[in-house]
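Morning, everyone. I have one model to show today, and I'll keep it brief. Here it is.

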Amino acid sequence: MKFYFAPMEGLTRYIYRNAYHTFFGGKIDKYFSPFINATMSDSFKSRELVDVLPEHNKEIYLVPQIMTNRAREFTHTAGMLKELGYEEVNLNLGCPSKTVVAKGRGSGFLAMPKELDAFLEEIFENRVTDISIKTRIGKDEPEEFYELIEIYNKYPLKELIIHPRVQSDFYNNKPNLDIFSEALNLSKNPICYNGDIHTAAAYWELADRFPKVEAVMLGRGLLFNPMLIQDIMSNPKGQDVTDCFGKGERVDRRRLREFHDTIYADYKEILSGDTNVLFKMKEFWHYFIHMFSNHEKYIKKIKKSQKAYEYEAVVNRIFEELELR
């Protein structure tokens, strides 16, 4: 099985990716960048550029993700990424954000199949890199996917990454595995699964049901538990459904602390002032705190921290006092 790390806007940029890869990423085959808003500009925004600079991604295989519904913008942006050395880009047709959807981008583009087909025809006629797509199964109804898969089958995708929810689900309801099963049978392109793999048990349930699947994209599961892949590989049938986080020797408290400290130090290096650094670390702890039992009062203290010394005192207490789940 191939494992991919899904993008998370604001969190999984190069600081996080590199720290994760150093401490846990030996089994990650591809990382995907948070989306770049495509334009006809001849330069990237500074935040987008620093994230995809090759010198910031030396040890990893990164696939830049592009957000747009305009073919010329996509091709232009893909060309600039090609100049940076990237041979694959990913089209975001999965983002469910209302502000994105209102502009007919992300999963909002799925509601316009004719326009989407014309868009794909143009970008594949003018492609300069391999192109993969990350998609939902529709905007409002799962049955929309049958028309979408006919469109996708017209084009030689590097792969089709399917999150089997519709846009209106956001991240609620369960992934529609019946439609995903249909996708496996209908697709002419390689398929990757994405959605709600937060435990070893969930992974093995999916793998048993869909043995043809050769790639899985993990997102929030890795943010909640950076050791999820190790748990999967050391628990070959997900025997304990309740155990999200691993036990015994699989849990390495020191490695988790070093992972945190690396991210924290790197943010302090590039950001100015406690406020900016702590904003990023509070995003980090929104997920990471779930590695620890009985964490409620500690996460409240992190959220209230205004100064670095306050934050560091809480973090020390978490690692010294709390049990790993």
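I'll go through two helix pairs and then two pockets.

A reminder before we start: this is a predicted model.

Helix pairs, then. Take H1, residues 14-23, and H11, residues 253-270. Their axes lie 10 Å apart, and the packing angle is about 150°. Angles over 145 degrees count as roughly antiparallel, so that is what H1 is to H11. Which hand does the crossing of H1 and H11 have, left or right? H1 passes H11 in a right-handed crossing.

Who makes the contact? On the H1 side we have Tyr14, Ile15, Tyr16, Ala19, Tyr20 and Phe23. H11 brings Arg255, Glu258, Phe259, Thr262, Ile263, Asp266, Tyr267 and Ile270. By class, that contact has ten nonpolar residues, one polar and three charged.

Stay on H11. It also pairs with H14, residues 308-321. Here the axes come within 11 Å and cross at roughly 170°. H11 and H14 are therefore roughly antiparallel as well. From H11, the contact residues are Arg253, Leu256, Arg257, His260, Tyr264 and Lys268. They meet Ala308, Tyr311, Glu312, Val315, Asn316, Ile318 and Phe319 of H14. The class split for H11 with H14 is seven nonpolar, two polar and four charged.

Now pockets. How much space lies in the largest pocket? About 560 Å³. Its lining has 29 residues. Closest to the centre are Pro7, Met8, Pro96, Lys134 and Tyr171. Three elements give two or more residues each to that lining: strand E7 at 130-138, strand E10 at 215-218, and helix H9 at 220-224. H9 gives the most, with three residues. By class, the lining of this pocket has 14 nonpolar, ten polar and five charged residues.

On to the second largest pocket. Its volume is about 340 Å³. The lining is 15 residues. Nearest the centre of this second pocket sit Pro175, Leu177, Asp196, Ala202 and Glu205. Which helix gives the most to the lining here? Helix H8, residues 200-209, with five residues. The lining divides into eight nonpolar, three polar and four charged residues.

To recap. H11 is roughly antiparallel to H14, and H1 is roughly antiparallel to H11. For the pockets, H9 is the top contributor to the lining of the largest, and H8 to that of the second largest.

That's my slot. Over to you for questions.

Methods
Residues numbered from 1 in each chain as written. Predicted model: local features only at pLDDT ≥ 70, side-chain atom pairs only at ≥ 80, totals over all residues. Heavy atoms only, no water. Axes fitted to C-alpha atoms, helices over the stretch in contact; angles between N-to-C directions. Helix = DSSP H or I, 4+ residues; strand = E, 2+ residues; numbered from the N terminus. Parallel < 35°, antiparallel > 145°, perpendicular 65-115°, else oblique. Left-handed = near helix turned anticlockwise from the far one by under 90°. Contact = heavy atoms within 4.5 Å. Nonpolar A, V, L, I, M, F, W, Y, C, P; charged D, E, K, R; others polar. 1 Å grid on protein atoms, 1.4 Å probe; cavity = no way out; pocket = protein on both sides within 12 Å on 5 of 7 lines; lining within 4 Å. Points joined across faces, edges and corners; volume = space filled by probe spheres on them.
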